[in-house]
Amino acid sequence: QQWTSELICLRSRRVAAMRGAACLLLAGLCGALAFTGPVISMKSTAVVSRCASPAMISHGKGFRKLNKPADQRKALLRALTTELIRHGKIQTTLARAKEVRKTADHMVTLAKDGSLHARRQALGYMYDKQLVHSLFELAPDRYGERSGGYTRVLRDGFRKGDNAEMGIIELV
């Protein structure tokens, strides 16, 4: 019974503190110069944060939707990745180039791994089976000492018809 009374006392202090803060906020918004409200001690009403550190909020960690539905976006990125690995260099819009950089780097990372599971993952993503086999043969020699950053995106002016910013993505 003692802990019940302590809990009720703690809860009433928190409610009073919230009411006092709301009154002060309302007085500040109304422009009151002299406000006499309840003075509440905040010693026993410590608020415990649920997250470990507030600096670890992941705002802006999304991806570019490229103004397409999910299935069309996936097909576009697969095609651009396949053509980038086939030709070594492609010209597209800057947003598409920056987005295809992630998948192209992932394909080279899979090729460097060289395991059967990595090969099957690459075969499931890229459209050309022979291209995957040639990538898995050449990538460990070409990118063996490099740990990431297998592509380079360069700005290439603006497109003539709609003034879209263009970019060139190439394998390093």
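Here is a walk through a small sheet and two loop residues with unusual backbone angles in this predicted model.

Let's start with strand S3, residues 165–171. S3 has a partner strand in S1, residues 89–93, and the two run antiparallel with five bridges between them. If you want a spot to look at, find Thr 93, which sits opposite Met 166 of S3. S3 also pairs with S2, again in the antiparallel sense, this time over six bridges. Here you can pick out Thr 151, whose bridge partner in S3 is Leu 171. S3 is mostly covered, too: six of its seven residues are buried.

Now follow the chain from S2 (151–158) into S3, and you pass through a loop that holds Asn 163. S2 and S3 form a hairpin with six residues between the strands. Most residues other than glycine have a negative phi. Asn 163 goes the other way, with a positive phi of about 65 degrees even though it is not a glycine. Is Asn 163 buried or exposed? It is exposed, because its relative accessible area is 55% and the cut-off for exposed is over 50%.

The other residue to visit is Leu 66, in the loop between helix H1 (2–30) and helix H2 (70–87). Leu 66 is not a glycine either, yet its phi is positive, near 55 degrees. Its surroundings are another story: Leu 66 counts as buried because its relative accessibility is 18%, and buried means under 20%. So you have two loop residues with positive phi, with Leu 66 buried and Asn 163 exposed.

Conventions
Residues numbered from 1 in each chain as written. Predicted model: local features only at pLDDT ≥ 70, side-chain atom pairs only at ≥ 80, totals over all residues. Heavy atoms only, no water. Helix = DSSP H or I, 4+ residues; strand = E, 2+ residues; numbered from the N terminus. Buried < 20%, exposed > 50% of the residue type's maximum accessible area, 1.4 Å probe, protein only. Pairing = 2+ DSSP bridges.
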